[in-house]
Amino acid sequence: MNKIYPTAEAALDGLLFDGMTLMAGGFGLCGIPENAIAALHAAGTQDLTVISNNCGVDGFGLGVLLDAKQIKKMVSSYVGENKEFERQFLAGELELEFNPQGTLAERIRAGGAGIPGFFTKTGVGTVIAEGKEHREFDGETYIMETGLKADVSIVKAWKADPQGNLMFRKTARNFNPMMATAGKVTIAEVEEIVELGALDPDQIHTPGIFVQRLIQGNFEKRIEQRTVREKETA
């Protein structure tokens with residue numbers, strides 16, 4: 001099975017439909033699948049439910065899909081860097097399923113592992129717990145959260161081999177490995193595709209069985225917030 005596709009557009013071909021659920025890796029702008037997001041924008045797919053820690057920033061990352069009104073609902077944790085997100089949400093144009101960050105990560109991991117639900121103390125007594133099943137364990141109250149799955153997962157990795165085995169680099173690992181397991185189809189875009197056998201098996205973060213399509217992308221790697229200090233003078 002040849003998993004390598006020439007472009008993000010080719011990798012997404014035949015998978016997109018209006019109303020689909022999409023998982024997109026990344027944390028802020030770190031480790032985001034830039035090429036797949038651009039291809040989704042160009043395809044014009046509408047009414048997306050997007051599962052991602054955040055929604056990029058204004059004009060970049062998932063923010064371009066938000067600007068184009070292609071996203072109907074976000075399942076997220078942190079949304080503070082996008083003014084258009086705030087505007088759409090407050091105007092009633094965008095649905096939001098808000099999650100504590102650890103809960104979101106575990107919901108994705110559970111979905112990929114075939115676990116339909118789990119109990120957590122996080123969110124008990126807050127609006128997060130409203131409408132959810134409560135249960136007591138060892139004298140403590142927990143709420144039930146459900147696993148998350150997607151029609152397509154788009155992730156970004158550092159290196160891959162032709163079988164789709166993936167290595168992530170440092171903090172760009174973030175949500176990507178768990179999302180790769182939770183999509184019916186997973187598309188990985190990588191900085192480098194190496195020969196089969198070139199990756200140390202002990203260093204593979206995501207086995208290729210979870211990856212159906214693979215592209216080698218070009219990445220801008222924009223900095224989300226650039227902070228500098230004044231030059232010290234003698």
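Two residues are in contact here when they have heavy atoms within 4.5 Å of each other. Keep in mind that this is a predicted model, in which local features need pLDDT of at least 70 and side-chain atom pairs count only at pLDDT 80 or more, while totals for chains, interfaces and linings use all residues. Residues are numbered from 1 along each chain as its sequence is written, and side-chain values use heavy atoms, leaving out hydrogens and water.

Let's start at Ile 154. Setting aside neighbours within four places in sequence, Ile 154 is in contact with Leu 22, Met 23, Ala 24, Gly 25, Pro 33, Ala 36, Ile 37, Leu 40 and Ile 187.

Ile 154 also belongs to a nonpolar core, meaning a set of buried Ala, Val, Leu, Ile, Met, Phe, Trp, Tyr and Cys residues joined through side-chain atoms within 4.5 Å; buried means under 20% relative accessible area (1.4 Å probe, protein chains only). In this largest core, of 26 residues, Ile 71 and Ile 154 touch the most other members. Among the elements giving two or more residues are helix H2 (34–43) and strand E8 (150–160); helices (H or I, at least four residues) and strands (E, at least two) are DSSP runs numbered from the N terminus. H2 supplies the largest share, four residues. A separate core of 21 residues includes Val 155 and Phe 175.

Now turn to the open sheet, where three strands pair antiparallel in the order E5-E7-E6; pairing requires at least two DSSP bridges between two strands. Strand E5 (117–120) and strand E6 (134–137) form the edges. E6 is joined to E7 (residues 140–146) by four bridges, and His 134 has Ile 143 as its bridge partner in E7.

Notes. Buried < 20%, exposed > 50% of the residue type's maximum accessible area, 1.4 Å probe, protein only.
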